[in-house]
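Here is a set of short exercises to work through with the sequence and the model open side by side. Try each task yourself before reading its solution.

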Amino acid sequence: MKYIIAIIRWLVGLLFIFSGLVKANDPLGLSYKMQEFFEAWHWIFFNSLSLYMAFAMNILEVLAGVAIIIGWKAKFFSRLLLMLIVFFTFLTSYVLFSGKIKACGCFGDCIPLTPMQTFTKDVILLLLIVLLVFTTKYVRPLFSSAASLSVLIALVCLVALMQWYVLRHLPFVDCLPYKVGNNLIEEIKTPANAVPDVYTYTFEYEKDGKKIEFSEDNLPDDLDSSYVFIDRKAKLLKKGNGLTAAITDFTLQTANGTDTTQAILQTQGKYILVFARSFANVNRWEEMFHKINQDAATHHIPLFIVTSDIAGGKRLFQNVTLLQCDATVMKTAARVNPTYILMQGPTIIRKISFADAQEILTFLK
């Protein structure tokens with residue numbers, strides 16, 4: 001029996017370690033996923049804490065996974081794992097059965113799983129961990145208590161340091177559609193064999209104190225301001241094949257609102273897109289930015305600031321071309337604010353955090 005329990009400990013432990021490390025590679029991604037749940041539950045007051053919660057959760061997963069493998073305080077950590085997996089199973093069941101969230105992000109963006117796959121995984125883990133809770137008598141620690149504690153403290157420090165680093169210097173592994181090597185023109189194309197979902201819509205209005213519903217093919221001819229719109233309901237008629245473009249909603253607009261996405265992406269040669277969602281901490285990168293901008297002009301390499309705060313950009317950068325982009329899209333494209341995305345035509349050839357901006361000067365030569 002003890003050999004079976006040892007195998008289960010290693011399996012559960014390694015899964016938790018892997019899950020924690022994958023998400024520690026991109027703690028902002030986990031924090032954004034947490035915000036999706038908070039918004040679905042109307043708990044948006046937690047949004048400001050989501051990054052701290054993600055940071056701690058990643059450390060806890062790795063810590064618990066290693067502890068259960070080395071057998072230190074087996075009773076405590078098996079119960080802790082049980083609490084975690086019950087919580088995770090609740091989340092994955094909510095994703096699966098509510099339909100309000102597309103994915104739970106259990107393994108981050110690097111290993112996307114369907115809601116059914118993640119729910120099944122968690123149910124299996126739940127059964128295994130329940131078995132561990134009731135068989136701690138078979139567990140023998142691999143190291144002394146002092147050595148185990150030292151290993152776990154070192155581990156917490158390393159995972160914390162890893163997350164601090166990627167929050168400042170970008171993730172070690174970029175698993176998103178805006179990664180180096182991707183052609184953005186190709187990424188925003190809808191696959192040729194894509195079949196979209198087909199819906200029928202019902203519109204609810206109120207007129208003269210009465211609520212009236214109309215199908216989209218049966219709207220009244222006298223529809224005017226006397227009808228007060230209340231709601232629109234969608235009913236799925238035919239399920240598509242789920243194929244969509246890897247990148248959606250990505251547009252670059254000029255300051256006056258003109259869509260210039262294709263024109264920018266079809267630029268010949270090298271150019272730089274500086275993704276700056278906001279300018280709250282502009283002092284920490286402004287000086288280097290001006291140097292890069294000056295060198296780019298000297299070498300005739302176009303440079304654009306892409307931002308969701310076009311007004312703030314106008315106040316701070318009068319002599320730089322500003323492009324407007326949706327803030328949510330920018331969170332996906334550039335985890336660090338700001339991020340320099342070095343382009344060759346429509347292809348991303350490098351992504352550099354403001355903290356490593358000195359490296360861009362080599363690109364400009």
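The exercises below concern a predicted model, and each is followed by a worked solution.

**Exercise 1. Getting your bearings**

Describe the protein as a whole: how many helices and strands does it have, and what share of its residues is buried?

Solution.
- Step 1: Start with the secondary structure, which comes to 12 helices and 8 strands.
- Step 2: Next, look at the extent of the protein. Its C-alpha atoms fill a box of roughly 70 × 65 × 40 Å along the principal axes.
- Step 3: Then turn to burial. Of the 365 residues, 43% are buried.
- Step 4: Finish with the contacts. Taking those between residues at least 6 apart in sequence, 71% join residues at least 24 apart.

**Exercise 2. The largest nonpolar core**

Find the members of the largest nonpolar core that touch the most other members, and work out which element gives the largest share.

Solution.
- Step 1: The core holds 36 residues, and Val12, Phe16, Phe77 and Leu81 touch the most other members.
- Step 2: Helices α1 (2-24), α2 (27-40), α3 (50-70), α4 (74-98), α5 (115-133) and α6 (145-169) each give two or more residues to this core.
- Step 3: The largest share belongs to α3, with 11 residues.
- Step 4: Now zoom in on Leu81. Setting aside neighbours within four places in sequence, Leu81 contacts Val12, Phe16, Ala64, Ile68 and Ile129.
- Step 5: Do not stop there, as a second, separate core of 27 residues has Phe279, Trp285, Ile305 and Leu364 among its members.

**Exercise 3. Two buried residues in helices**

Decide whether Ser93 is buried or exposed, do likewise for Val159, and list what each touches beyond four places in sequence.

Solution.
- Step 1: Ser93 sits in helix α4. The cut-off for buried is under 20% relative accessible area, so Ser93, at 18%, counts as buried.
- Step 2: Beyond four places in sequence, Ser93 touches Ser98 and Phe119.
- Step 3: Val159 belongs to helix α6 and has 5% relative accessibility, so Val159 is buried too.
- Step 4: With neighbours up to four places away left out, Val159 is in contact with Leu21, Ala24, Asn58, Ile59 and Val62.
- Step 5: For a distance check, pick the C-alpha atoms of Val159 and Ala234. These residues are 75 apart along the chain, and the two atoms are separated by 45 Å.

**Exercise 4. Salt bridges**

Locate the salt bridges of Lys33, Glu213 and Arg350, and classify the burial of the residues involved.

Solution.
- Step 1: Recall the principle: side chains of opposite charge can pair when their charged atoms come close. The whole structure contains 9 salt bridges.
- Step 2: Lys33 pairs with Glu36 at 3.2 Å, N to O. Both residues are in helix α2, 3 residues apart, or about one turn of the helix.
- Step 3: Lys33 has a relative accessible area of 15% and is therefore buried, whereas Glu36, at 35%, is partly exposed.
- Step 4: Glu213 meets Lys233 at 3.3 Å, N to O. This pair links distant parts of the chain, 20 residues apart, with Glu213 in strand β2 (residues 210-215) and Lys233 in strand β3 (residues 228-238).
- Step 5: Glu213 is partly exposed at 47%, and Lys233 is partly exposed at 41%.
- Step 6: Arg350 bridges to Glu359, with the closest N and O atoms 2.4 Å apart. Arg350, at 36%, is partly exposed, and Glu359 is partly exposed at 34%.
- Step 7: Lastly, Asp26, Asp109 and Arg335 are joined into one network by salt bridges that share partners.

**Exercise 5. The second largest pocket**

Characterise the second largest pocket: how much space lies in it, and which residues lie nearest its centre?

Solution.
- Step 1: The second largest pocket holds about 460 Å³ of space.
- Step 2: Its lining has 27 residues, and Leu30, Met57, Phe87, Phe88 and Leu91 lie nearest the centre.
- Step 3: The elements giving two or more residues to this lining are α1, α2, α3, α4 and α5.
- Step 4: Sort the lining by chemistry, and you get 19 nonpolar, 3 polar and 5 charged residues.

Definitions and conventions
Residues are numbered from 1 along each chain as its sequence is written. This is a predicted model: local features need pLDDT of at least 70, side-chain atom pairs count only at pLDDT 80 or more; totals for chains, interfaces and linings use all residues. Side-chain values use heavy atoms; hydrogens and water are left out. A nonpolar core is a set of buried Ala, Val, Leu, Ile, Met, Phe, Trp, Tyr and Cys residues joined through side-chain atoms within 4.5 Å. Buried means under 20% relative accessible area, exposed over 50%, partly exposed in between (1.4 Å probe, protein chains only). Helices (H or I, at least four residues) and strands (E, at least two) are DSSP runs, numbered from the N terminus. Contact means heavy atoms within 4.5 Å. A salt bridge is a side-chain nitrogen of Lys or Arg within 4 Å of a carboxyl oxygen of Asp or Glu. On a 1 Å grid over the protein atoms alone, a cavity is a set of points where a 1.4 Å probe fits but cannot get out, and a pocket is an open set with protein on both sides within 12 Å along at least five of seven lines; lining residues have an atom within 4 Å of a point. Grid points are joined across faces, edges and corners, and a volume is the space filled by probe spheres set on the points. Ala, Val, Leu, Ile, Met, Phe, Trp, Tyr, Cys and Pro count as nonpolar, Asp, Glu, Lys and Arg as charged, and the others, Gly among them, as polar.
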